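Colleague: I would like a close look at one small part of this model. Please keep it brisk.

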Amino acid sequence: MFRKILTVVIAALGLAVAAAGPASASDSASTSDSCGAVYFYSDGDTFKFLDTCSDGHGVLLYWTTPTTGQPHTSDTGHSKAYTGGYTGWNMDNAYIYDKDFTEGACFYYRVGLTESGGYIIGSYGSWTLSCA
């Protein structure tokens with residue numbers, strides 16, 4: 001009897017692990033022209049950058065300071081640029097940027113384009129709300 005119960009429990013655990021599959025993005029944001037995208041993974045506080053146009057521009061991530069209170073787009077901002085070239089839509093080619101946010105802290109982020117270290121006016125897409 002114990003052996004049958006143990007077999008059922010092990011099989012159920014195996015199905016649960018298989019169903020979990022690979023980690024998926026919590027959410028994403030893109031530039032106004034869709035030439036850049038950034039995906040945020042709350043499990044690990046990881047941003048993945050994609051440069052989807054061969055236009056010579058980099059991808060610029062701008063995010064507000066994470067807070068356990070009410071986040072707002074006017075909160076203090078931070079930025080990170082990826083200028084390593086075209087990645088296409090292949091996540092295996094994505095530039096990975098890891099952060100360490102307080103668990104449960106929320107923030108806004110958006111994505112634009114950069115050239116020669118500066119932001120390209122009008123390239124930011126919409127704000128995205130996310131939580132660590």
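Modeller: Here is a walk from the confidence values to one loop residue and the sheet beside it in the text.

This is a predicted model, where local features need pLDDT of at least 70 and side-chain atom pairs count only at pLDDT 80 or more, while totals for chains, interfaces and linings use all residues. Residues are numbered from 1 along each chain as its sequence is written, and side-chain values use heavy atoms, with hydrogens and water left out.

Confidence comes first. pLDDT is the predictor's confidence in each residue, from 0 to 100. The chain average is 85, and 83% of the residues score at least 70. Over residues 1–22, pLDDT stays under 50. That stretch has zero contacts (heavy atoms within 4.5 Å) beyond four places in sequence.

Now the residue. Thr-31 sits in the loop between β1 (27–30) and β2 (36–41). Strands here are DSSP runs (E, at least two residues), numbered from the N terminus. Thr-31 counts as buried because its relative accessibility is 3%, and buried means under 20% relative accessible area with a 1.4 Å probe, protein chains only. Leaving aside residues up to four places away in sequence, Thr-31 touches Gly-36, Val-111, Gly-112, Leu-113, Ser-123 and Gly-125.

Next, the strands. β1 and β2 pair antiparallel over four bridges; pairing needs at least two bridges found by DSSP. Ala-29 stands opposite Val-38 in β2. Four strands make an open antiparallel sheet, ordered β1-β2-β3-β6. β1 and β6 (95–98) are the edges, each with a single partner strand, so one side of each has no neighbour in the sheet.

Terms used. Buried < 20%, exposed > 50% of the residue type's maximum accessible area, 1.4 Å probe, protein only.
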